[in-house]
Amino acid sequence: EVIDNAVNNVSIFAQIAHAKILALNGQLPEAQNITRQAVQTWLADTKQKPALVTFRNGQTFEFMPLIDDIASLGLHQTAIDLAVAVVEFQPENVHLKKWLQDNYLKIGDSEKALQIAYHNQLLEPDNLDNARGLARLLEKNNNRELALEEWRSIVNRNENLNSDDAIGLANCALEGGQYSEAINVCNEILSVDRENWAAIIILGSALAESGKIKESIEKLKLATEVHPEEALPWIKLADVYAKLGDTQHAIEILRSAALALPDSAQIQYKLGKINLDNGFITEAIPYLRQSANLAPESDAVTIDLVKTLISLGREDEACDALKKARIKWPAQPELAYLDARINFNRCEFELAKDSLETALKSITPLPEWLILYAQSILQDTGDPFVNHQKSFDKATIEVAQKALNQTMQIAPNIFDARVLLAEIELIKGNHSTAYKLYEELIKSPEYYQEEWTWRL
């Protein structure tokens, strides 16, 4: 029956099994090539014959072990591609959707993870774990108001106070600027659990944001004494001193924490960040590197490390870090943008464009990403006398213009975008339109910066 109705499935299972054996024997590149080809063939064939995912008796194949095997070969995107295709045939497979949600996060695509979380919530509305996952993803995507609503709903659905859920609500309220709510929730937690260190930390932070600095420091010092093995109390205490402008005291607290917790990626990262924020760029790099070594799963650490290396002109080192990071998080938009920046600076315009196309899949692309995309299309290196002499086909110009128009919708006064739009009109031969745009531009304060004066 399997052979008659699902030869293709037997083939993909057999090929991945063969690939696993090759990988175990040290032939990983060959194993990966076989796996990619097997999945591509299966995806193409199932478009033609959707019945290949089922037996004749209507039972479906169990693809989850196969998908796990593919991911174990380091092919997360390939595993995701297969999982997405299988979900189309098994839309109520919650286990597979949760796997997809987790793995979208692993490759840095939190927006797709959020879409899956919403769908899981619809399938199982009474499942509190789904609701918690959705709330955390909303926070990760900076949808604070929606996250707060979700956490409030979760807390209200518990018959008795659930400290972990209440902590989720308090932390979200703190991050969303709802300091009174954070304080009230923490006090409620501490009324039944006096030594809940997470509640003490959030309370101390909320008090600091509310201007009650003395009370805040007392609470946070208590947290470092009760739980010196936890990184967060030290970090929040340092934050309060930094907020007061006492940067040196903040750094001393973090150095003490680093001695107490030498394996804490959070402490190393915070030391890197505080040095960065205060202009000590060179001093920041060792801490960021150590943080990246201690927390290889954190894309945020890698992003800051790469930005720092670029700012110091250490492009080769930034490239090395980016290359490894983009294998791990191929869909992370900010990493894709940083990769594009380096490629653009090296006049590798096609590579820059490819990376930016990944970045621009984000629901909320930043204006500078769109501008760099247009510059990559136009191969615009900033030479004031070159662009209008180049020839581009109509389709290419339209893609660049669309990106710039999108930029103007987000931030209508960005000078770079306005200049490029004027130059596109010049390239297109619309001289009167270009002239009017240039007339407006020379009235802007930016015109008096030397680079723009010459260009315009």
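This section describes the fold, the nonpolar cores, one pocket and several single residues of the structure. The model is a predicted one.

The protein chain holds 26 helices and zero strands. Its C-alpha atoms fill a box of roughly 75 × 70 × 45 Å along the principal axes. The chain has 456 residues, and 46% of them count as buried. Contacts in the chain were also sorted by sequence separation. Among those with a separation of 6 or more, 51% join residues 24 or more positions apart.

In soluble globular proteins, nonpolar side chains tend to be buried together. The largest nonpolar core of this model contains 80 residues. Ile12, Ile67, Ile70, Leu82, Trp99, Leu100 and Ile267 touch the most other members. Helix H12 (residues 197–209) gives the most to this core, with nine residues. Apart from it lies another core, of 44 residues. Its members include Ala284, Leu322, Phe349 and Ala359. Isoleucine 70 belongs to the largest core. Neighbours within four places in sequence aside, isoleucine 70 is in contact with Ile16, Thr35, Val39, Leu75, Thr78, Ala79 and Leu82. Of these partners, Leu82 is also listed among the core members that touch the most others.

Empty space was examined next. Rolling a probe the size of a water molecule over the atoms shows where empty space is left. The second largest pocket encloses about 310 Å³ of space. It is lined by 14 residues, and those closest to its centre are Ala292, Asn293, Leu305, Ala321 and Lys324. Three helices each supply at least two lining residues: H17 (281–294), H18 (299–311) and H19 (315–328). H19 provides the largest share, six residues. By type, the lining divides into seven nonpolar, two polar and five charged residues.

Two polar residues were then followed in detail. Threonine 46 sits in helix H3 (residues 28–48). Threonine 46 has a relative accessible area of 4%, so it counts as buried. Its side chain reaches the backbone oxygen of leucine 43 at 3.1 Å. Alanine 85 is 39 residues away from threonine 46 along the chain, yet their C-alpha atoms are separated by 8.8 Å.

Asparagine 196 lies in the loop between helix H11 (179–192) and H12. Its relative accessibility is 11%, under the 20% limit, and therefore asparagine 196 counts as buried despite its place in a loop. A polar atom of its side chain lies 3.2 Å from the backbone nitrogen of alanine 198. Alanine 198 falls within the residue range of H12. Leaving aside neighbours within four places in sequence, asparagine 196 is in contact with Ser163, Ile167, Ile189 and Leu190.

Two loop residues have a positive phi although neither is a glycine. For cysteine 347 the angle is about 60°. Cysteine 347 is placed in the loop between helix H20 (333–345) and helix H21 (349–359). Its relative accessible area is 45%, so cysteine 347 is partly exposed. For glutamine 379 the angle is about 50°. Glutamine 379 is found in the loop between helix H22 (367–378) and helix H23 (394–410). Its relative accessible area is 36%, so glutamine 379 is partly exposed as well.

Terms used
Residues numbered from 1 in each chain as written. Heavy atoms only, no water. 1 Å grid on protein atoms, 1.4 Å probe; cavity = no way out; pocket = protein on both sides within 12 Å on 5 of 7 lines; lining within 4 Å. Points joined across faces, edges and corners; volume = space filled by probe spheres on them. Helix = DSSP H or I, 4+ residues; strand = E, 2+ residues; numbered from the N terminus. Nonpolar A, V, L, I, M, F, W, Y, C, P; charged D, E, K, R; others polar. Buried < 20%, exposed > 50% of the residue type's maximum accessible area, 1.4 Å probe, protein only. Polar contact = N/O pair within 3.5 Å; in protein donor to acceptor, adjacent residues only side chain to side chain. Core = buried A, V, L, I, M, F, W, Y, C linked by side-chain atoms within 4.5 Å. Contact = heavy atoms within 4.5 Å.
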